[in-house]
Amino acid sequence: MRITVLTGSPHRKGTSALLAERFIAGAEDAGHEVFRFDAAFEEVHPCLSCGRCRIAGERCVHRDAMDRLMPNLLAADLVVFATPLYYFGMPAPLKAVVDRFYSVHYVLTKNRKRAVLLVTAADGHEEAVAPLRSHYQRILSYLSWEDAGVVAALGCSSRGSLERTRYPEQAYQLGRCC
Ligand SMILES: Cc1cc2nc3c(=O)[nH]c(=O)nc-3n(C[C@H](O)[C@H](O)[C@H](O)COP(=O)(O)O)c2cc1C
């Protein structure tokens, strides 16, 4: 299976990076092929809503790191969103990537992909991640994708605190079994 992992954090060794690493380790141990795209370290311009991509024979006007992501995204059987919670949602670099799905929206809806959400949050209450869970589910339904699992690591604002929980192992097992 081909898997594309999209991360959102500006911390290379942060909490959501640990969940992404454990998920990828599980997926690779199971023999899956993984492509990782760290949105916070890539040049991805925001969608201009210019509509050019919706004209027959045209494509997105931007030439940036999405050109490298796109073939992997389109070919993926599973797309993973690995992100910290920022103001009850996803960080801007990851949202910029999701907004750029617009240029290939109809292609993305055709081959019924599956998706995973890996999220870390400082807040220890489930209600804190409810808006992002809901956003994720709504994006999936809009794209006709299927949810393959969520790991919501609550109460984890540092890598050390996350390492002492069961969440990294949950991410590993999800990667192995997805
Ligand atoms: C701009 C910003 C907004 C945040 N918003 C929230 C929030 O709404 N709820 C929450 O529980 N934690 C929030 N946090 C804390 C992060 O989600 C938390 O520290 C997370 O573990 C960071 O993940 P990372 O190490 O992968 O970057 C916020 C942090 C930042 C920097």
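Is R63 buried, partly exposed or exposed? Select R63 and check the surface: R63 counts as partly exposed, at 38% relative accessibility. Keep in mind throughout that this is a predicted model.

**Stop 1: R63 and D67**

Stay on R63 and add D67. Their side chains meet in a salt bridge, with N to O at 3.0 Å. D67 is partly exposed too, because its relative accessible area of 37% falls between the cut-offs of 20% and 50%. This pair is one entry in a longer list, since the structure holds 10 salt bridges in total.

**Stop 2: the network around E21**

Now select K13, E21, R159 and E163. These residues are linked in a network of salt bridges. Start from E21 and follow its two partners.

The first partner to show is K13. The closest N and O atoms of E21 and K13 are 3.8 Å apart. K13 is exposed, with a relative accessible area of 59%. E21 counts as partly exposed, at 24%.

Next, show R159. In the salt bridge between E21 and R159, the closest N and O atoms are 2.8 Å apart. This pair links distant parts of the chain: E21 sits in helix α1, residues 15-29, and R159 in helix α6, residues 159-163. The two are 138 residues apart. Colour both helices to see what the bridge joins.

**Stop 3: the ligand**

Center on the ligand. Its shell is made up of 16 residues. The closest are S9, H11, S16, L85 and C156. By class, the shell has 8 nonpolar, 7 polar and 1 charged residues.

Show three polar contacts here. At S9, an N or O atom of the side chain is 2.6 Å from a ligand oxygen. At S16, the corresponding distance from a side-chain N or O atom to a ligand oxygen is 2.5 Å. C156 contributes its backbone instead: a polar backbone atom lies 2.7 Å from an oxygen of the ligand. Overall, the protein covers 75% of the 640 Å² of accessible area that the ligand has on its own.

**Stop 4: strand β1 and its partner**

Select residues 2-7, which form strand β1. How many of its residues are buried? The count is 5 of 6, so β1 is largely enclosed by the rest of the structure.

Add residues 33-38 for strand β2. β1 and β2 pair in the parallel sense over 6 bridges. To see one of these, pick T7, whose bridge partner in β2 is D38. While the strands are on screen, look at the side chains. In a regular strand they alternate between the two faces of the sheet.

**Stop 5: H32 and M1**

Step back to H32, in the loop between α1 and β2. H32 counts as buried, because its 16% relative accessibility is under the 20% cut-off. Now show M1. The backbone nitrogen of M1 lies 3.5 Å from a polar atom of the H32 side chain.

**Stop 6: two positive phi values**

Finish with two loop residues. Where is S49? Look in the loop between β2 and α2, the helix of residues 66-75. S49 is not a glycine, yet it has a positive phi of about 50°. S49 is exposed, with a relative accessible area of 61%.

Then go to Y87, in the loop between β3 (78-84) and α3 (92-99). Its phi is near 45°, a positive value in a residue other than glycine. Y87 is exposed, with a relative accessible area of 81%.

Terms used. Residues numbered from 1 in each chain as written. Predicted model: local features only at pLDDT ≥ 70, side-chain atom pairs only at ≥ 80, totals over all residues. Heavy atoms only, no water. Near = heavy atom within 4 Å. Polar contact = N/O pair within 3.5 Å; in protein donor to acceptor, adjacent residues only side chain to side chain. Areas by Shrake-Rupley, 256 points an atom, 1.4 Å probe, with all protein chains shown as cover. Nonpolar A, V, L, I, M, F, W, Y, C, P; charged D, E, K, R; others polar. Salt bridge = Lys/Arg side-chain N within 4 Å of Asp/Glu carboxyl O. Buried < 20%, exposed > 50% of the residue type's maximum accessible area, 1.4 Å probe, protein only. Helix = DSSP H or I, 4+ residues; strand = E, 2+ residues; numbered from the N terminus. Pairing = 2+ DSSP bridges.
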